[in-house]
Amino acid sequence: MGLYFAKFSAFGSYAPAKILTNQDLEKMVDTSDEWIRTRTGMVERHIASKEEAASDLAYQAALNAIEASQVRYKEIDLIIVATISGDYPFPSTACIIQHKLGLKNIPAFDISAGCTGFIYACDVARQYIENGIARHILVIGVEIVTKITNWTDRNTCVLFGDASGAAVISRSEPTDISRIIDTKIDADGSQGNFLMQAAGGSRLPASHETVDANQHTVYMEGNRIFKNAIKSMYASSDELLRRNNLSPADLDWVIPHQANLRIIKALADKMKVPMSKVIVNIQKYGNTSSATVPLATDEAIRSKKIRRGDIMLLTSFGAGLTWGSVLARY
Ligand code: UT7
């Protein structure tokens, strides 16, 4: 038990302007609008321009979140960015954001947990708030997966889009109804090779061969991931509910990772939560990896679906393999 409680002060998001539709993809690989819709629920996705890097999307999402939070820039104590497609292997995208925001003398670091990155970042931020080290933390999920996509592989290239979602996580004052109730993160490194970017690290440094073999792009065994996704998002969500003496019926909203509408429906079914309580925007954005959860949450708040005091469960799953959930009263 920490000294304080943490809360979500506000969310923000940003997606690049360019849209790629299923029909556009039909012209690029052997696929069909019908296959993509029925197998994934996706209709279109946003794609970053040649000039846009992760920090450009993250900066816009951060501005939106900070504005909505009414926290002053100078009050931010820490920046955490969850990404697997940052501007550079190093320095971290979080340090670039710190500079773009004109902030100095605050720590900034990235977290690599694939599509679970935002959930991991919330878990870490919560610890800093609860033990009194930080009062306001900027947490961002940002991804430009389309720049590490093999555009000749129909198994993966139809799935991803680019976006960023951000949140300001703050100390919850005693009078606040808003509170992060609990978080749970988990991993199973034995399954890491089902979803990875094989080259570009110290195992397989960049070479002409790795580029020719498309090893700098996303490799995914979709079927294996599919089954794990439902099982693990359910496991972390169920544990959070149980250890806080809550049942799925107590939830106002579930905001799951937007990787596949069939996964989302199967999770809702397993949790016995009606789809009317599940936030879905996969049709507009595709899978934006670590950005899906904060992006969907931000949209639902701005459209006045999620209101202050609502109990929400954020849950995700991704490379590592990693998974986790956040239970919060907004
Ligand atoms: O966010 C990180 C975590 N990622 C995920 O959670 C992704 C989880 N996995 C999935 O969402 C699904 O497994 C996919 C959407 C990736 C694939 O759906 P699936 O129902 O598992 O399809 P499949 O991989 O079993 O493939 C079925 C068929 C295959 O053809 P054959 O071998 O049966 O003739 C594929 O070649 O569908 C074919 N296929 C396609 N056909 C048209 C695969 N991709 C496409 C495509 N268009 N884009």
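1. Contacts of Ser170. In this predicted model, Ser170 sits in strand β7. Setting aside neighbours within four places in sequence, Ser170 is in contact with Phe5, Ala6, Lys7, Ser9, Val71, Ile129, Arg135 and His136. One of these, Ser9, also shares a polar contact of 2.6 Å with Ser170, side chain to side chain. The relative accessibility of Ser170 is 1%, so the residue counts as buried, the cut-off for that class being under 20%.

2. Aromatic pairs. Searching the whole structure gives three aromatic pairs. One of them joins Phe8 and Phe11, with 4.9 Å from centre to centre and 35 degrees between the planes, and this pair is tilted. Phe8 and Phe11 are both buried.

3. Phe11 and Tyr330. Phe11 also pairs with Tyr330: the ring centres are 6.3 Å apart and the planes stand at 50 degrees, so this pair is tilted. Here the pair links distant parts of the chain, since Phe11 belongs to strand β1 and Tyr330 to the segment after β13 (322-329), with the two positions 319 residues apart. Both Phe11 and Tyr330 are buried. Taken together, ring pairs link Phe8, Phe11, Phe118 and Tyr330 into a cluster.

4. Helix α11. This helix covers residues 292-302 and is mostly covered, with nine of its 11 residues buried. The buried ones are Thr292, Val293, Pro294, Leu295, Ala296, Thr297, Asp298, Ala300 and Ile301. Which elements do the buried residues of α11 pack against? They pack against the strands β1 (5-14), β7 (162-172), β11 (253-256) and β12 (311-318), and against the helices α5 (117-130) and α10 (282-285). Two of these strands have come up above: β7 holds Ser170, and β1 holds Phe11. Just after α11, Lys304 has a positive phi of about 65 degrees.

5. Polar contacts to the ligand. Which residues come nearest to the ligand? Of the 22 residues around the ligand, these are Thr31, Arg39, His257, Asn260 and Asn287. Asn260 places a polar side-chain atom 2.7 Å from an oxygen atom of the ligand. For Asn287, an N or O atom of the side chain is 2.7 Å from a ligand oxygen atom. Trp35 has a polar side-chain atom 3.3 Å from an oxygen atom of the ligand. On its own the ligand exposes 950 Å², and the protein buries 74% of that area.

6. Make-up of the ligand shell. The elements giving two or more residues to the shell are α2 (33-40), α6 (154-157), α8 (222-243) and α9 (261-271). Of the elements, α8 gives the most, with four residues. Sorted by class, the shell has 10 nonpolar, eight polar and four charged residues.

7. Lys270. Lys270 is in helix α9, one of the elements that give two or more residues to the ligand shell. How exposed is Lys270? Its relative accessible area is 40%, so Lys270 counts as partly exposed. Not counting residues up to four places away in sequence, Lys270 touches Ile230 and Tyr234. Tyr234 is 36 residues from Lys270 along the chain, while the C-alpha atoms of the two are separated by 7.4 Å.

8. Lys277. This residue is in the loop between α9 and α10. Lys277 is partly exposed, its relative accessible area being 24%. Apart from neighbours within four places in sequence, its contacts are Pro248, Ala249, Leu251, Asp252, Trp253 and Val254. With Ala249, a polar atom of the Lys277 side chain lies 3.5 Å from the backbone oxygen. Ser290 is 13 residues from Lys277 in sequence, and the C-alpha to C-alpha distance between them is 21 Å.

Conventions
Residues are numbered from 1 along each chain as its sequence is written. This is a predicted model: local features need pLDDT of at least 70, side-chain atom pairs count only at pLDDT 80 or more; totals for chains, interfaces and linings use all residues. Side-chain values use heavy atoms; hydrogens and water are left out. Buried means under 20% relative accessible area, exposed over 50%, partly exposed in between (1.4 Å probe, protein chains only). Contact means heavy atoms within 4.5 Å. A residue is near a molecule or strand if one of its heavy atoms lies within 4 Å of it. A polar contact is a pair of N or O atoms within 3.5 Å; within protein, one must be able to donate a hydrogen and the other to accept it, and residues adjacent in sequence count only if both atoms are side-chain atoms. Accessible areas come from the Shrake-Rupley method with a 1.4 Å probe; for residues, only the protein chains shown count as cover. Ala, Val, Leu, Ile, Met, Phe, Trp, Tyr, Cys and Pro count as nonpolar, Asp, Glu, Lys and Arg as charged, and the others, Gly among them, as polar. Rings of Phe, Tyr and Trp (its six-membered ring) pair if their centres lie within 6.5 Å; planes under 30 degrees apart count as stacked, over 60 as edge-to-face and the rest as tilted.
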